[in-house]
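Got the viewer open and the cartoon drawn? Keep the selection box handy, and let's walk through a few stops together.

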Amino acid sequence: MKKITAILKPFKIDEVREALAECGVTGLTVTEVKGFGRQKGHTELYRGAEYVVDFLPKIKVEVVVKSDDVERCVDAIIKAARTGKIGDGKIFVTTVERVVRIRTGEQDESAI
């Protein structure tokens with residue numbers, strides 16, 4: 001099993017959710033986060049005063065999938081989230097050793 005964590009632009013969340021649903025993903029976790037990468041934030045003007053916005057709003061999507069489904073899900077996220085501009089985000093894939101569904105006690109792949 002693998003955990004896919006994707007950091008993306010907030011307005012892309014609906015497209016990514018739909019793309020993952022088409023891949024057979026039945027559940028995901030979405031968190032509003034702030035951060036920066038190569039963008040390094042930007043400067044804004046507010047009431048005549050200039051200030052730096054260091055941390056930009058992003059969305060973190062986390063899903064756990066069977067190892068066989070990783071490439072298909074990653075490709076779906078890339079296709080749905082890509083704008084071609086700086087700040088499109090990143091995808092991290094990590095190994096999950098164990099999953100337990102609290103309600104039923106199911107474990108590992110049957111608990112996904």
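The tour goes from strands to helices to salt bridges, with a backbone stop at the end.

**Before you click**

What you have loaded is a predicted model, where local features need pLDDT of at least 70 and side-chain atom pairs count only at pLDDT 80 or more, while totals for chains, interfaces and linings use all residues. Residues are numbered from 1 along each chain as its sequence is written, and side-chain values use heavy atoms, with hydrogens and water left out.

**Stop 1: T5**

Select T5, which sits in strand β1; strands here are DSSP runs of E with at least two residues, helices are runs of H or I with at least four, and both are numbered from the N terminus. Is T5 buried or exposed? T5 is buried, at 13% relative accessible area. For the cut-offs, buried means under 20% relative accessible area, exposed means over 50%, and partly exposed is in between, with a 1.4 Å probe and protein chains only.

Now show what T5 touches, taking contact as heavy atoms within 4.5 Å. Leaving out residues up to four places away in sequence, you should find K60, V61, E62, K90, I91 and F92. Add V93 to the view as well: the C-alpha atoms of T5 and V93 are separated by 6.4 Å, though the two are 88 residues apart along the chain.

**Stop 2: V61 and V64**

Move on to V61, in strand β5. At 2% relative accessibility, V61 is buried. Which residues does V61 contact once neighbours within four places in sequence are set aside? Light up I4, T5, A6, L8, I13, L20, L28, T29 and V30. If you want a distance to draw, try V61 to I91: 9.3 Å from C-alpha to C-alpha, with their positions 30 residues apart in sequence.

Stay in strand β5 and pick V64. V64 is partly exposed, with a relative accessible area of 28%. Its contacts, again without residues up to four places away in sequence, are M1, K2, K3, V96, V99 and I112. Draw the C-alpha to C-alpha line from V64 to K3 and you get 4.3 Å, for a pair that is 61 residues apart in sequence.

**Stop 3: the two helices**

Next, select residues 13-22 for helix α1 and residues 70-81 for helix α2. They pack at about 150°, and their axes are 8 Å apart. The axes are lines fitted to C-alpha atoms over the stretch in contact, and the angle runs from 0 to 180 degrees between N-to-C directions. That angle makes α1 roughly antiparallel to α2, a label used for angles over 145 degrees, with under 35 being roughly parallel, 65 to 115 roughly perpendicular and the rest oblique.

Which way do α1 and α2 cross, left-handed or right-handed? The crossing is right-handed; that applies if the near helix is turned clockwise from the far one by less than a right angle, and left-handed if anticlockwise.

Show side chains for E15, V16, A19 and L20 on α1, then C73, A76, I77, A80 and A81 on α2, and you have the contact. By class it holds eight nonpolar, no polar and one charged residues. Here Ala, Val, Leu, Ile, Met, Phe, Trp, Tyr, Cys and Pro count as nonpolar, Asp, Glu, Lys and Arg as charged, and the others, Gly among them, as polar.

**Stop 4: salt bridges**

A salt bridge here is a side-chain nitrogen of Lys or Arg within 4 Å of a carboxyl oxygen of Asp or Glu. How many salt bridges does that rule give? The count is five.

Start with K3 and E62, paired at 3.1 Å, N to O. K3 is in strand β1 (residues 2-8) and E62 in strand β5 (residues 56-65), so this pair ties together parts 59 residues apart in sequence. K3 is partly exposed at 28%, whereas E62 is buried at 17%.

Then try R72 with D69, where the closest N and O atoms are 2.9 Å apart. R72 is partly exposed at 41%, and D69 is partly exposed at 22%.

**Last stop: D108**

Finish in the segment after β6 (89-95), where you will find D108. Its phi is near 55°, a positive value in a residue other than glycine. D108 is partly exposed, at 30% relative accessible area.
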